Amino acid sequence: QVQLMESGGGLVQAGGSLRLSCAASGSIFRINAMAWYRQTPGKQRELVAKITSGRSTNYADSVKGRFTISRDNAKNTVYLQMNSLKPEDTAVYYCYVAVFDNSLRVVDYWGQGTQVTVSS
């Protein structure tokens, strides 16, 4: 089993910055992709940013140029630096990690979610 511990959410004014962190621990052979998703009430969860094991990244159009995803493989941690935050960025942010287990099967894990609220 793998546990994901998220941190860094909170309340910030528009134009401000937050940094989310998600640390994976437990039975990890190797981590494949890592990502951040977000969800608001009544809407589907959407991809915010993704980073592969080769450190290729992709972003939702709405956050390009403002958010940066990165990873520290030594710490099994993924980060999301969020700058120039807007009220429409308000959501619950979820960490996602795809892990190779000892049998080289890919297993998906999700964090518990962290609230980000941007006030206008």
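A disulfide, in the sense I will use this morning, is a pair of cysteine sulfur atoms within 2.5 Å, and I begin there because the rule decides what we may count in this chain. The model on the screen is a predicted one, so please hear every value as computed from that prediction.

By that rule the count comes to one disulfide. The partners are cysteine 22 and cysteine 95, whose sulfur atoms lie 2.1 Å apart, and with -80° about the S-S bond the link is left-handed. Cysteine 22 sits in strand β3, residues 18-26, while cysteine 95 sits in strand β9, residues 91-100, so the pair ties together parts that are 73 residues apart in sequence. What is the relative accessibility of the two partners? Cysteine 22 comes out at 0% and counts as buried, and cysteine 95, also listed at 0%, counts as buried too.

Let me go on to the nonpolar core. In general, nonpolar side chains in soluble globular proteins tend to be buried together. Here the largest nonpolar core has 29 residues, and those with the most contacts inside it are Trp36, Leu80, Met82 and Tyr93. Among the elements that give two or more residues to this core are β1, residues 2-7, β4, residues 30-39, and β5, residues 46-51, together with β3 and β9. Which strand gives the most? That is β9, with five residues.

To see what one of those central residues touches, take leucine 80: leaving out residues up to four places away in sequence, it touches Leu18, Arg19, Leu20, Trp36, Val48, Ala49, Phe67, Thr68, Ile69 and Tyr93.

Now the sheets. There is an open sheet of four strands, in the order β1-β3-β8-β7, and the pairing within it is antiparallel. Its edge strands are β1 and β7, each of which pairs on one side only, and neighbouring strands of this sheet are turned by 15° against each other on average, direction ignored. Inside that sheet, β3 and β8 pair in the antiparallel sense over six bridges, and arginine 19 stands opposite glutamine 81 in β8.

Staying with β3, serine 21 lies in this strand and, at 17% relative accessibility, counts as buried, the cut-off being under 20%. Setting aside residues up to four places away in sequence, serine 21 touches Met5, Glu6, Ser7, Trp36, Val78 and Tyr79.

Next, β11, which takes part in pairings of both senses. Strand β2, residues 10-13, pairs with β11 in the parallel sense over four bridges, whereas β9 and β11 pair in the antiparallel sense over three bridges. Where do these pairings meet? In β11, valine 116 is the bridge partner of glycine 10, and alanine 91 stands opposite valine 116 as well. As a general matter, side chains in a regular strand alternate between the two faces of the sheet. In β11 the covered face holds Thr114, Val116 and Val118, and the uncovered one holds Gln115, Thr117 and Ser119.

I would like to spend a moment on a charged residue. Aspartate 89 has its place in the loop between β8 and β9; is it buried or exposed? With a relative accessible area of 1%, aspartate 89 is buried. As for polar partners, its side chain is joined to that of arginine 38 by a polar contact of 3.0 Å, and to that of arginine 66 by a polar contact of 2.7 Å. Leaving aside neighbours within four places in sequence, aspartate 89 is in contact with Arg38, Val63, Arg66, Phe67, Ser84, Val116 and Val118, and of these Val116 and Val118 belong to the covered face of β11 that I described a moment ago.

My last residue is isoleucine 31, which lies in strand β4 and is buried, with a relative accessible area of 7%. The C-alpha atoms of isoleucine 31 and valine 97 are separated by 7.2 Å, although these residues are 66 residues apart along the chain. Not counting residues up to four places away in sequence, isoleucine 31 touches Ala24, Ser53, Arg71, Asn76, Val97, Ala98 and Val99.

To close, I return to strand β9, which holds cysteine 95 of the disulfide, gives the most to the core, and pairs with β11 in the antiparallel sense.

Terms used: Residues numbered from 1 in each chain as written. Predicted model: local features only at pLDDT ≥ 70, side-chain atom pairs only at ≥ 80, totals over all residues. Heavy atoms only, no water. Buried < 20%, exposed > 50% of the residue type's maximum accessible area, 1.4 Å probe, protein only. Core = buried A, V, L, I, M, F, W, Y, C linked by side-chain atoms within 4.5 Å. Contact = heavy atoms within 4.5 Å. Pairing = 2+ DSSP bridges. Axes fitted to C-alpha atoms, helices over the stretch in contact; angles between N-to-C directions. Polar contact = N/O pair within 3.5 Å; in protein donor to acceptor, adjacent residues only side chain to side chain.
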